[in-house]
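Trainee: Could we go through this one together? I would like to hear the reasoning behind each label.
Mentor: Happy to. Have a look first, then ask away.

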Amino acid sequence: MTAHKELTIGLFGFGVVGEGLYKVLQKTPSLKASIKKVCIKDITKKRDAPSSLFTTNRYELLNDPTINVIVEVINQSQPAFEIVSTALKNGKEVVSASKKMIAEHLPEILRLQKETGLSFLYEAAACASIPVIRNLEEYYDNDLLHSLRSIVNGSTNYILTKMFEDKLDFKQALLQAQQSGFAETDPSLDIDGWDAVNKWVILLCHAYGIVANPTDILFTGIQDINAGDAAVGREKNYEIRLVAQAKKLQNGKVAAFVLPQFVKQDDHLSFVKNEYNGVVIESGFADKQFFYGKGAGSFPTASAVLSDISALRYEYKYEYKKLYHHQPHQLSNNFFLRVYVSFDDWKNIPREKFEWIEEWHAQEERKYMVGVIAYQELKENNWWRQNNTSLILSPEPVIENVEIRKLKKKSLELAGII
Ligand SMILES: NC(=O)c1ccc[n+]([C@@H]2O[C@H](COP(=O)([O-])OP(=O)(O)OC[C@H]3O[C@@H](n4cnc5c(N)ncnc54)[C@H](OP(=O)(O)O)[C@@H]3O)[C@@H](O)[C@H]2O)c1
């Protein structure tokens with residue numbers, strides 16, 4: 001494809017993102033990109049576009065030799081993968097926003113791109129309007145990326161903001177998020193952390209060359225956070241965020257997880273409120289950089305899709321530099337986390353599994369403790385997800401210095417505490 005070549009688009013999906021893109025493209029004639037056909041699921045639905053545009057037969061788009069770009073923005077993972085892979089095999093460039101599909105099929109998607117040599121772009125799939133994927137690919141094309149911390153899910157961030165600022169309990173805050181259009185009728189993918197971990201799989205690939213499956217990464221959502229946790233946070237001058245993070249350890253491996261976290265008020269992420277997303281990147285010489293913007297919604301998401309379509313004009317493709325041109329990093333299971341755990345009954349908390357305990361408040365109705373525990377222990381066991389237990393990371397959660405850990409354990413033993 002040469003620069004300024006006309007792009008003839010076959011669009012899959014005409015929902016929040018698809019219709020947004022249709023409108024945005026009408027307002028950007030300079031792009032020389034036009035939608036030839038739209039494939040949807042239900043032909044009887046009323047649409048704000050000429051009916052001749054629509055079909056339910058995917059092959060009208062996939063087999064049309066005049067269509068050179070497929071934009072896939074449907075809401076089902078398996079058909080999305082079939083559409084994307086057929087499009088690439090049929091010689092078409094592809095733009096997608098389907099994070100679940102990409103995270104679940106990353107190895108196949110990488111292989112297809114290698115085999116076909118075609119572009120497959122998906123900036124909208126992580127943090128929507130924030131151009132984080134292309135920045136990780138192009139600007140941070142080096143070995144100096146120390147850490148990446150991000151709020152990647154607007155629904156959960158909206159709920160946490162309402163629990164904190166308006167002192168709502170979880171159910172009230174969720175209802176308000178749904179009424180304001182910031183949470184789905186079935187919010188489980190967002191609330192339980194699946195959406196966030198899917199995005200994190202995508203960003204880990206571009207940041208560190210790690211090809212992971214969502215289930216390789218320790219994650220949870222905000223389903224167990226309660227008003228008592230928000231009250232403890234307020235007492236300590238912390239806010240709570242669902243943070244997806246990755247940190248390069250001294251051994252060169254990467255600690256990566258998606259968990260609720262207490263953040264200090266001077267942390268950039270505490271600035272990210274309501275439905276917004278944010279990314280803090282820490283690198284060798286630049287110190288910290290902060291990206292902030294809308295992580296969902298019709299036009300913000302369509303703007304990222306539009307930017308990808310525009311990039312196809314100059315044959316832009318992800319090179320996956322960290323994966324193919326550098327030594328890719330590996331995930332580590334060998335580190336420790338400082339966590340706050342709140343609970344109804346201390347019998348449900350295996351205190352002996354903690355390396356050490358720093359706070360213990362067992363008198364209150366809602367009890368809590370702060371302690372240090374092996375990441376592997378949380379990954380392999382589920383006690384912290386059960387019996388109304390809530391786990392929130394401390395502000396500086398990763399501990400990797402084993403010597404200090406051993407000394408501390410020894411000191412607690414000597415003091416007769418453990
Ligand atoms: N909404 C956001 O803010 C946002 C942000 C970033 C990424 N995304 C991702 O973008 C994608 C689309 O999201 P959305 O919010 O636009 O979804 P949506 O509003 O639910 O719309 C989904 C569209 O896909 C069509 N569809 C479903 N299955 C299909 C199939 N097998 N073949 C053809 N069309 C099919 C539906 O057709 P009908 O109209 O006939 O039902 C509908 O038009 C998802 O993967 C989502 O995760 C969304």
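Trainee: Why is Gln113 called buried?
Mentor: Gln113 has a relative accessibility of 9%. Buried means under 20%, so Gln113 counts as buried. Keep in mind that this is a predicted model.

Trainee: Where does Gln113 sit?
Mentor: Gln113 belongs to helix α5, which covers residues 106-116. Set beside Ile349, Gln113 is 236 residues away in sequence, and their C-alpha atoms are 47 Å apart in space.

Trainee: What makes α7 largely enclosed by the rest of the structure?
Mentor: The count of buried residues does. In α7, 11 of the 12 residues are buried, so the helix is largely enclosed by the rest of the structure. Among the buried ones are Gly154, Tyr158, Leu160 and Phe164.

Trainee: How do you know what span to expect for α7, residues 154-165?
Mentor: The expected span is 1.5 Å times one less than the number of residues. For the 12 residues of α7 that gives 16 Å, and the helix reaches 16 Å from its first C-alpha to its last, close to expectation.

Trainee: How do you know how many disulfides there are?
Mentor: A search of the whole structure finds zero. Take Cys205: the nearest cysteine sulfur belongs to Cys127 and is 15 Å away. A disulfide needs the two sulfur atoms within 2.5 Å, so Cys205 is in no disulfide.

Trainee: Is Cys205 buried or exposed?
Mentor: Buried: its relative accessible area is 1%, and the cut-off is under 20%. Cys39, at 7% relative accessibility, counts as buried too.

Trainee: Which residues are closest to the ligand?
Mentor: Val17, Asp42, Lys45, Arg47 and Gly297 are the closest of the 23 residues that surround the ligand. By class, this shell has 11 nonpolar, seven polar and five charged residues.

Trainee: What makes the approach of Arg47 to the ligand a polar contact?
Mentor: A polar side-chain atom of Arg47 lies 2.7 Å from an oxygen atom of the ligand. The cut-off is a pair of N or O atoms within 3.5 Å, so this pair qualifies. Backbone atoms take part as well: a polar one of Gly297 is 2.7 Å from a ligand oxygen, and a backbone N or O atom of Ile74 lies 2.9 Å from a ligand oxygen.

Trainee: How much of the ligand's accessible area does the protein cover?
Mentor: On its own the ligand has 900 Å² of accessible area, and the protein covers 82% of that.

Notes:
Residues numbered from 1 in each chain as written. Predicted model: local features only at pLDDT ≥ 70, side-chain atom pairs only at ≥ 80, totals over all residues. Heavy atoms only, no water. Buried < 20%, exposed > 50% of the residue type's maximum accessible area, 1.4 Å probe, protein only. Near = heavy atom within 4 Å. Polar contact = N/O pair within 3.5 Å; in protein donor to acceptor, adjacent residues only side chain to side chain. Areas by Shrake-Rupley, 256 points an atom, 1.4 Å probe, with all protein chains shown as cover. Nonpolar A, V, L, I, M, F, W, Y, C, P; charged D, E, K, R; others polar. Helix = DSSP H or I, 4+ residues; strand = E, 2+ residues; numbered from the N terminus.
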